[in-house]
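Me: I'd like to go through this model and ask how each label is earned. Can you take me through it?

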Amino acid sequence: MPGATAGYCIRDYHDSDRQAVRSLFVTGMRDYIPKCYRHVLTRPRTLLGLLAVSVALFLSSGSLLLAMLAAPVLLAAAWRLLDSYYGRFIQLCLEDDLQDIQKTYLEGEDSHFWVAESDGEVVATVGAKPSAPSGDGERTLSLTRLSVRRSHRKRGIARALCRAVLRFAQLRGYKGVTLTVGIWNPEGKRLYRSLGFREIDRISPKELVGKIFEDVFLCYRYDSPAGSS
């Protein structure tokens with residue numbers, strides 16, 4: 001479908017790309033952990049909570065050292081908890097659609113998977129598959145698994161991959177394209193809004209760990225020309 005441009009080319013996924021795609025997904029997801037962590041640290045209630053724990057320890061023990069160590073210990077524990085939380089999610093994805101990419105995305109006409117290649121290496125990925133059926137029966141496509149190697153970001157690759165999905169949706173007659181993006185991911189939100197996506201909903205975490213870290217996801221939608229009235 002798309003061709004070569006700006007030092008990279010976007011092409012269809014091949015089975016020989018499987019390991020590279022899975023590795024890229026894992027690396028990309030782990031890059032989100034510091035973003036989510038920083039997002040939580042900037043929340044006023046987090047700072048107030050750390051201060052309250054330190055003050056309570058000092059008042060109860062009389063030890064200034066213990067009070068001073070409380071915040072670093074809690075922060076280290078929080079990092080390990082968040083790392084484990086994302087680790088479980090990554091493993092679930094690897095065992096789900098990324099277990100057999102060919103079967104999930106390329107055996108049906110209404111789904112697809114692309115990679116961006118540079119100097120013979122896979123440096124970015126994106127997938128598209130039908131969204132869960134809505135109550136009104138409207139057909140929408142889900143943009144998923146967008147990931148770009150850190151060394152190849154800010155080159156327009158993510159934008160080009162998203163446009164490949166939007167073109168695919170229009171060709172297949174989908175009325176819109178949906179996706180989710182973390183509330184702590186400002187770069188992703190800017191990209192999607194610049195492409196014409198708009199926020200339509202928010203997904204709050206169900207797990208306790210997700211609630212602690214306010215791991216909220218925004219639901220975005222793009223209305224394709226084929227589905228516009």
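Me: Which residues does F197 contact, leaving aside its neighbours within four places in sequence?

Reply: This is a predicted model, and in it F197 is in contact with L166, V177, L179, Y192, Y220, R221 and Y222. Each of those counts because contact means heavy atoms within 4.5 Å.

Me: What makes the largest nonpolar core a core, and which residues have the most contacts inside it?

Reply: The label fits because a nonpolar core is a set of buried residues of the nonpolar kinds joined through side-chain atoms within 4.5 Å. The largest one here has 32 residues, and W114, V177, Y192 and F197 have the most contacts inside it. Elements that give two or more residues to it include β3 (112–118), β6 (176–182) and α6 (186–194). The top contributor is α5, with nine residues. Another core lies apart from it, with 25 residues, among them Y37, I90, V122 and W184.

Me: Why is β5 called mostly covered?

Reply: Nine of its nine residues are buried, and buried means under 20% relative accessible area. So the strand earns the description, since every one of the nine falls under that cut-off.

Me: How do you know that β5 pairs with β4 and β6?

Reply: Two strands pair if there are at least two bridges between them. β4 and β5 run antiparallel and are joined by six bridges, while β5 and β6 have three bridges in the parallel sense, so both pairs qualify. In the antiparallel pair, A124 stands opposite V148 of β5; in the parallel one, T140 stands opposite G176 of β6. From β5 the chain goes through α5 to β6, a right-handed β-α-β crossover.

Me: How do you know that the span of α2 agrees with what a helix should have?

Reply: Helix α2 (residues 44–61) has 18 residues, and at 1.5 Å a residue they should span 26 Å. Its end C-alpha atoms are 26 Å apart, so the two values agree.

Me: What makes the buried residues of α2 line one face?

Reply: The buried ones are T46, L50 and S54. Seen down the helix axis they fall within an arc of 70 degrees, so they line one face. They pack against α1 (18–41) and α3 (64–94).

Me: Which residues are exposed on the other side of α2?

Reply: P44, R45, L48, L51, L59 and S60. They get that label because exposed means over 50% relative accessible area. After α2 comes G62, with a positive phi near 75 degrees.

Notes: Residues numbered from 1 in each chain as written. Predicted model: local features only at pLDDT ≥ 70, side-chain atom pairs only at ≥ 80, totals over all residues. Heavy atoms only, no water. Buried < 20%, exposed > 50% of the residue type's maximum accessible area, 1.4 Å probe, protein only. Helix = DSSP H or I, 4+ residues; strand = E, 2+ residues; numbered from the N terminus. Right-handed = clockwise from strand over helix to strand, strands pointing away. Expected span 1.5 Å × (residues − 1). Arc of directions from axis to C-beta.
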